[in-house]
Amino acid sequence: MKISNRTSSRGGRRTSAAVALGAVLALTATACGDDGSGAGGDKGADGSGKGKIVFWDNNGGVRTEIWKEVIADFEKANPDIKVDYVGIASTEYQSKVDTAIQGGGLPDVGGVGAAMLAGFAAQGALEPLDERLGKSSLNGKLNKDMVESLKAAGGGDDKLYSIPTSANNGVLYYRTDLFKKAGLQEPTTWDRFYEAAKKLTNAGKNEFGYTIRGGAGSIAQALDAMYGQSGITSFWDASGEKTTVNDPKNVAALEKYAALYKKVTPAADLNNDFTKMVAQWDSGTIGMLNHNLGSYQDHVKALGPDKFRGIPQPIGAGGKRVQVSNPVDGLGLFKSGKNKDAAWKFIEFATSRAENSKFNEAAGQVPSNTDAAKDPWISKAEPTKLAADALSDGSTTIVQLPYYLPDWNTISKADNEPNFQKVLLGKMSAKEFLDTMADQLNAAQEEWNQQNG
């Protein structure tokens, strides 16, 4: 696997994060503690190691069932600890945590993935976990690259604020039955992708070649399509100060990609987040879907294993595959918690071999526990195996997104998702959209370099 280069003052850290995701895949509510008063600046307490803890799931609904299984196992093994589960939709999680940081009501433990980590850490809301991990039975059992990826995402202090649970990767799912009927080749290249999207569309029969993500979470998917087509292999230019998102090649790529909307996609895609998009694909006659490993089991349940495949992202010009990174997910302790020892026991249990394997088999993702990563189910999950092969054969370059920027999640979501919808509707040009995002990113990068140079 090829890794994009970094030449700014924090280059080594960003490169390590890019290595992290590739190497990993190659291995193929309302209360805080007892009183719910915790805010971001509160110091909290270790507590007795018993009693009640509150857990906020950062992908509620999608992962509720499997988390409740893990919690039941934990409470059976630790009868003196009660876990209150609060499932929060991924699209609402950041705003809910940010509100609680300012006003109180943080949980004891919660999902803290790389994409949101820097923002929470910058507000002083998270407990450093290096010392606890060093004394834990988990020490040496977690994938080192995933740990380093979360360290890099946390900011400039080289501390670990989240214990990794899993890694993900972008996947192009396609309906093998529809492709066979239409006489189409597998969409392994962008040219084949566009050809299939057009040929499989018959709007009069409600048949479409592709479903595009226009709602929450749309930016990361758009970036994946842009860099995948343009072949640009770094998020920053040689100076490390200016982003490449508005490079002319990326502008042209986004223009072509956004033009798919309503021509070969359903009109409902404008507002679809991943849950609606996945459900629409599973229940309809749509040829292709871009998502990640996490929805694999949903497709198996809906379609069976023989009507679809999940393959690595298409190859661009010159036989090169370029894709943007998917963030590592994890569990963090909130500093304001009043029962940190009990919450830490929950993190240890959830990332033990048996529970981490159980969770990731259900989620379709790659386990962080190195023993769990050896379990046989992984080799049987074809998209995971194919992703691992693609990332280890030298054909793929990972463009590492700047999760370390405290403003990254805001820039890539609230600030620009509405503008992307305007691009799809033809009310804003791709160039204007990307220039706006570039200005925001360059300003955030300048501030970060000044603070961490």
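Colleague: Before I look at any detail, what is the mean pLDDT of the chain, and what share of its residues reach 70 or more?

Modeller: A good place to start, since this is a predicted model. The mean pLDDT of the chain is 88, and 90% of the residues reach 70 or more. Residues 1–37 are another matter: their pLDDT is below 50, although the model gives this stretch 129 contacts beyond near neighbours in sequence. Where pLDDT is low, the predicted coordinates should not be read in detail.

Colleague: Understood. Now the sheet: how many strands form it, and in what order?

Modeller: To read a sheet, follow the strands from one edge to the other. Here six strands make an open sheet, ordered 3-2-4-11-5-12, with mixed pairing. Its edges are strand 3 (81–87) and strand 12 (366–367), each of which pairs on one side only.

Colleague: In which sense do strand 4 and strand 11 pair, parallel or antiparallel?

Modeller: Antiparallel: strand 4 (residues 109–111) and strand 11 (residues 329–333) are joined over three bridges. For a spot to find on screen, look at valine 109, which stands opposite leucine 333 of strand 11.

Colleague: And which helices should I look for against the sheet?

Modeller: Try two of them. Helix 6 (residues 144–153) packs on the sheet, where it touches strand 5 (163–167), strand 11 and strand 12, and its direction makes about 110° with that of strand 5. Helix 13 (residues 340–350) lies across strand 2 (51–57), strand 3, strand 4, strand 5 and strand 11, at about 160° to strand 11.

Colleague: Let me try helix 2. Which of its residues are buried?

Modeller: For a helix, check its span and then its sides. Helix 2 (residues 64–77) has 14 residues and reaches 20 Å from first C-alpha to last, close to the 20 Å expected at 1.5 Å a residue. Its buried residues are Thr64, Ile66, Trp67, Val70, Ile71 and Phe74. They lie on the same side of helix 2 because they cover an arc of only 165° around the axis.

Colleague: What covers that buried side, and what sits on the face turned away?

Modeller: The cover includes strand 2, strand 3, strand 11, helix 13 and helix 14 (353–363). The face turned away carries the exposed residues Glu65 and Lys76.

Colleague: One last feature: which residues does leucine 178 touch beyond four places away in sequence?

Modeller: Leucine 178 is part of helix 7 (residues 176–182), and it touches Leu200, Thr285, Ile286 and Gly287. Compare sequence with space here: leucine 178 and methionine 288 are 110 residues apart in sequence, yet their C-alpha atoms are 9.7 Å apart.

Definitions and conventions: Residues are numbered from 1 along each chain as its sequence is written. This is a predicted model: local features need pLDDT of at least 70, side-chain atom pairs count only at pLDDT 80 or more; totals for chains, interfaces and linings use all residues. Side-chain values use heavy atoms; hydrogens and water are left out. Helices (H or I, at least four residues) and strands (E, at least two) are DSSP runs, numbered from the N terminus. Contact means heavy atoms within 4.5 Å. Two strands pair if DSSP finds at least two bridges between them. Axes are lines fitted to C-alpha atoms, for helices over the stretch in contact, and angles run from 0 to 180 degrees between N-to-C directions. pLDDT is the predictor's confidence in each residue, from 0 to 100. The expected span of a helix is 1.5 Å times one less than its number of residues. Buried means under 20% relative accessible area, exposed over 50%, partly exposed in between (1.4 Å probe, protein chains only). The arc is that of the directions from the helix axis to the C-beta atoms.
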